[in-house]
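Reader: I work on backbone geometry and surface exposure. Please take one part of this model and go through it closely.

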Amino acid sequence: MGQREETTLEKLMSRSCLSIILAAGQGTRMKSDLPKVLHPVGGLPMVVHVAECAKNTGTNDIAIVVGHGSEDVQQAVTLSGATATFHHQAEQLGTAHAVSAARDSIDKGYDDVLVLFGDTPLIEAETLLAARKELENGADICVVGFKPDDPTGYGRLLEDGDELVAIREHKDASPRELKVGFCNGGIMAFNGHMLGQLLDRIGNDNAKAEYYLTDAVEIARSLGLPRKAIEAPVDNVLGVNTRVELARAEAIWQERRRNHFLRAGVSMIAPETVYFHHDTQIEAGAELEPNIFFGPRVGVEKGAKIRAYSHIEGAHIGQNAEVGPFARLRPGAELSTGSKVGNFCEVKNASVGEGSKINHLTYIGDAKIGTNSNIGAGTITCNYDGANKHQTTIGDNVFVGSNSALVAPVTLEDNAYIGSGSVITANVPADALAISRAHQVTKEGLAKRLKEKVLALKEKRKNEKI
């Protein structure tokens, strides 16, 4: 058997890498008080998507340049588990000015420096690895470009052979240059030992008096430094500045995630109708029917079947368990092997034992259900007294008749049987039958007289209106 070929990442591991994420934009076009880079895609802030991607490319350290909402950005990144340093950009004077805010990190002498944007959540590790590979091969700058259907408005990447010559803004491009379809995606990779010198040479002699990182290309050319451009898929460099673009990014991310699960062996009848959270975990062999929404912290084991129109968050679904249709699992729901939560049921902070069934029209909250128990239609656990939550414990092989109310705190021991329509306020011993309801009273002929009475009243009111 031949020796395994090293991956691109493994080959690059000997090179130190710093990722600088520019996250200082205010994003006023989002029409939101939330900093732009904190708007979520797949339930995860955009800037955290970028940080996660950077980690997957062998980045040793991450430097995040913040401005508006800096404390919120720092908190979100820290809570995600990403390790980063934060650098404040008080004034926004261009991309080179933003990168210079992280000069303390740059001057530590990394081999590679990646400059990324906190509002490009769809960037993939393969793209950044390709850029780093160009640096390993001798380039001092590598620019990530793309080829949109319509290049209008984008800066053009001008090449001479396979060498990048300049980045020309659309408004400054000649008619010939405007015909170039290779556009600047904004993401750049630098030889970390040269970046400081390039930044020092970038001026602000332009209409906006700003410092543009793109000027580094022509400066590098004047110094005889090698420059490269690589092409990335268009969605990799999609920047989000509006709610419309945010929705587009979400749609692309969801499509990627669906394809991931399909390739991993998860069955979906109508993948385009299933929505995932960034941390959704589903094992091969699970089946998903149409119109399912996964919120945060959901795990689904093999053989589980989730039927249509179910909403699931903070829940774990065991092997061969069945959920829905039209079911809601809230945080703390734990379904064991072979259990079932059926249509129009809600489960919250409750464990359902192996083989137990909650088939329809039922609410189970703050409860523990043993194995092979059956919870009848219309049953509710009355877990809230107006101020506090209380626990309901249901043992093994318990039968709870339909339309029962279990007033917590209460325990139904193994093999207990609850008569339909009961309101249970006291513990039920093992093997006991509990019935709590009023005696039925039947009045012969009274229904006819009552009906005649109400119809007469209805007719009287009708005549009064006339």
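Author: What follows is a close look at a nonpolar surface patch, then at other backbone features.

The model is predicted: local features need pLDDT of at least 70, side-chain atom pairs count only at pLDDT 80 or more, and totals for chains, interfaces and linings use all residues. Residues are numbered from 1 along each chain as its sequence is written, and side-chain values use heavy atoms, with hydrogens and water left out.

Start with the patch. Tyr309, Phe326, Phe344 and Leu361 make a nonpolar surface patch of about 430 Å². Patches are made of residues with over 30% relative accessible area and no salt bridge; nonpolar side chains (Val, Leu, Ile, Met, Phe, Trp, Tyr) are joined within 5 Å, like charges within 9 Å. A salt bridge is a side-chain nitrogen of Lys or Arg within 4 Å of a carboxyl oxygen of Asp or Glu. Areas come from the Shrake-Rupley method with a 1.4 Å probe, and for residues only the protein chains shown count as cover.

Two members deserve detail. Tyr309 sits in the loop between strand E18 (305-306) and strand E19 (311-312). Strands (E, at least two residues) and helices (H or I, at least four) are DSSP runs, numbered from the N terminus. Tyr309 is partly exposed, at 46% relative accessible area. Buried means under 20%, exposed over 50%, partly exposed in between.

Leu361 lies in the loop between strand E26 (357-360) and strand E27 (363-369). Leu361 is exposed, at 52%. Its phi is positive, about 55 degrees, although Leu361 is not a glycine.

Asn349 also has a positive phi, near 50 degrees, and is not glycine either. Asn349 belongs to strand E25 (residues 346-352). It is partly exposed, with a relative accessible area of 38%.

Now the cis peptide bonds. One joins Gly324 and Pro325, with omega about 5 degrees. Pro325 is in the loop between strand E21 (322-323) and strand E22 (328-329). Another runs from Ala408 to Pro409, with omega near 5 degrees. Pro409 is in the loop between strand E32 (405-407) and strand E33 (410-412).

Last, a helix. H6 (residues 125-136) has 12 residues and should span 16 Å at 1.5 Å a residue; its end C-alpha atoms are 16 Å apart, which agrees. The expected span is 1.5 Å times one less than the number of residues. Buried residues of H6 include Ala125, Leu128, Leu129, Arg132 and Leu135. Just after H6, Gly138 takes a positive phi of about 120 degrees.

Methods:
Buried means under 20% relative accessible area, exposed over 50%, partly exposed in between (1.4 Å probe, protein chains only).
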